[in-house]
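User: Please take a close look at the nonpolar core of this structure and at the aromatic rings that go with it. I am a first-year student, so please explain each term when it comes up.

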Amino acid sequence: MRLSKYFWQTYKETPADAEIASHKLLMRTGMIHKIGAGLYSYLPMGVRVIRKIENIIREELNNIDSNELTMNFVTPAQLWKDSGRWDQMGSEMQRFSDQKDNEYCLSPTNEETITDIFRKSVNSYKQLPVSLYQITTKYRNEIRPRYGLMRGKEFSMKDAYTFSLDKACMDEQYEYFYKAYSNIFKRMNLDFIIVEADGGNIASGDSQTHEFQVLAQSGEDVVVFSKESGYAANIEKANTKRAELAFLPEEAISEVETKNLPTCEEVAKLLNLPIHQTLKTLVFSAFWGEKSANYMIMLLGDDELNEVKLKNFLKADRIEVAKESVLKEIGAIAGYMSPYKLEGKYSVLLDASIDPTKSYIVGANKEHFHLKGFTPKRDIENYKSADLRMAKEGDLDPSGKVVSFAKGIEVGHIFQLGDKYSKAMGATVLDQNGKKIAPLMGCYGIGVTRTLAAAIEQCHDDDGIIWPYPIAPFQIHIAAMYKDPEFKKECDALYDKLTKEGYEVLYDDRGLGMGAMMKDADLLGLPIRVFIGERDFKNSGEVEIKVRKTGEKTKCSLTDLTANLTKIVESLS
């Protein structure tokens, strides 16, 4: 492609609202155009990357016999009412009505639509398993869209769904997608990690779910992993434990004054004790439809509550920090509370790191006072223990190996849905005995435009993007410096030669000065740059090759150019 004919330009200024590298570079390299908050048009250079990502996805999913379709962007409300989610979905679902007051939404996800297609098309176990996918636009009404394509309102996504007769078949389909996703991100040359994840509201029960995280310092997710054991999980899911701790032996309860010292840190410092020998007490309210209950949660003083784990343990629709009125009803005083002799309607949950036979410092339910010698097994009538804490660096994984933390960007997520949607929407097939059963579903998503942004977050430097070879918009950037019209013919011939050899070539024939042309080349960051300058070429007959990733430069004749490029491409592919 000749740049003189291409709809593309770069920008010197960074957009005021761009906070992260991908947003800045996508705008400065003319790959996207902002038309509103969280809304972007994809310009020709950006579309080329998106198509390459899509093609890799298609090839790998076609290899596991998944069939492509396209579902509606606009979905009738009735499908969501059939599943029970019309009233459950929050403000991220954009609802509207037509002229006849029929209700619709812009699809934020497609479980309902795919289940409707299935229930009207498949009726026998002989037709299972079914595997379908689409690559299309989604809309989620983000309250605070930010970070460009990383968290926009409208985005491109690949979502796939499987329907299976039984769990063995569902597990098999899940494994196919697990391997396909691994191949997809490997083929993109991205540094990624697969982690155990929380299924949120979409998954069912304790079913399998994994995230595919591209590692990048700007990532919003925290990945907990051990290279030694291979363990990896999202921090929301991480099942870690603390290294062995020394606790106080059981002793009699005694009161100690802690005036204006409501925190565990302050109390531990006053008593000259390690902070883990204090207990932090929190009160949360949990909700199941119209039902609710209050919970007093206790953690070691230097631990933090993992609200996702708490919500999952309680199997609650939602949880929230207890309101002041709840604390008054219980009789709890913020900063000085514990379940010790406290009246009220609540249940007690202890984090699993707490040894209930040991003594701790806790609130005395009396302002400016704490208790020494609180022993859960002795001093609480009823309690349950569960893993409720947030993992920390230095923790041990289930095999006892030390874990580390890294930042990641979630680009793919796979779930086992079970019969959550098929049962709710009446999707059934006849099994081998002629009995109607609800098939088991799987759900598998990849954020296409999010992957584009994540690739840039991982692959850039101060000068611009460093494209992984398989998803670069073009493979080779010819930068030509010429004044003599006859020499321009030499440059044109080089472009034609490389194009005929099958390379995707971007030819900068705009006649810019050296500085501007090289800045644009580094900013765009195509994998290989071939520089042909009139003076040098006439003197030596050589062109210069630069590898964007390493900065390595070599010179060679036109005769040897193809051989040199072949070696470089092999190293980058």
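Analyst: In this predicted model, the largest nonpolar core has 57 residues, and those that touch the most other members are Ile57, Tyr181, Phe185, Met188, Leu452 and Trp467. A nonpolar core is a set of buried Ala, Val, Leu, Ile, Met, Phe, Trp, Tyr and Cys residues joined through side-chain atoms within 4.5 Å, where buried means under 20% relative accessible area, exposed means over 50%, and partly exposed lies in between, with a 1.4 Å probe and protein chains only. Helix H2 (residues 44-63) gives the largest share of this core, seven residues; helices (H or I, at least four residues) and strands (E, at least two) are DSSP runs, numbered from the N terminus. In soluble globular proteins, nonpolar side chains tend to be buried together.

Residues are numbered from 1 along each chain as its sequence is written. Because the model is predicted, local features need pLDDT of at least 70 and side-chain atom pairs count only at pLDDT 80 or more, while totals for chains, interfaces and linings use all residues, and side-chain values use heavy atoms, with hydrogens and water left out.

Leucine 452 shows what such packing looks like for one residue: leaving aside residues up to four places away in sequence, leucine 452 touches Leu26, Val49, Ile50, Ile53, Leu149 and Trp467, a contact being heavy atoms within 4.5 Å. A second core, separate from the one above, has 25 residues, among them Ile476, Tyr507, Phe537 and Val569.

Now to the rings, of which the whole structure holds 16 aromatic pairs. Rings of Phe, Tyr and Trp (its six-membered ring) pair if their centres lie within 6.5 Å, and planes under 30 degrees apart count as stacked, over 60 as edge-to-face and the rest as tilted. The rings of tyrosine 6 and phenylalanine 474 are an edge-to-face pair, because their centres are 5.9 Å apart and their planes stand at 80°. This pair links distant parts of the chain, 468 residues apart, with tyrosine 6 in the segment before helix H1 (21-28) and phenylalanine 474 in the loop between strand S26 (464-465) and strand S27 (476-481). Both tyrosine 6 and phenylalanine 474 are buried.

The rings of tyrosine 495 and tyrosine 507, by contrast, are stacked, because their planes are at 25° with the centres 5.2 Å apart. Tyrosine 495 belongs to helix H12 (residues 485-500) and tyrosine 507 to strand S28 (residues 505-508), twelve residues apart, and this pair too links distant parts of the chain. Tyrosine 495 counts as buried because its relative accessibility is 11%, and tyrosine 507 counts as buried because its relative accessibility is 0%. Tyr507 is also one of the residues of the second core. Elsewhere, ring pairs link Tyr174, Phe177, Tyr178, Tyr181, Phe185, Phe192, Phe212 and Tyr444 into a cluster, and two of these names, Tyr181 and Phe185, have already appeared among the residues of the largest core that touch the most other members.

Charged side chains also meet rings here. Arginine 48 lies over the face of phenylalanine 474, at 3.9 Å from the ring centre; a charge sits over a ring if NZ of Lys or CZ of Arg is within 6 Å of the ring centre and within 35 degrees of the ring normal. Likewise, the charged end of arginine 318 sits over the ring of phenylalanine 287, 3.9 Å from its centre. These two residues stand opposite each other, with arginine 318 in S16, and strand S14 (residues 279-288) is joined to S16 by four bridges, the two strands running antiparallel. Two strands pair if DSSP finds at least two bridges between them, and both S14 and S16 belong to an open sheet of five strands in the order S16-S14-S15-S17-S20, with mixed pairing. Strand S16 (318-321) and strand S20 (384-386) stand at its edges with a single partner strand each, so one side of each has no neighbour in the sheet.

Finally, a charged residue can be covered as well: arginine 529, in strand S29 (residues 528-533), counts as buried because its relative accessibility is 7%. Not counting residues up to four places away in sequence, arginine 529 touches His477, Ala479, Met518, Ala521, Asp522, Glu544, Ile545, Lys546 and Lys553. Of the 573 residues of the protein chain, 52% count as buried.
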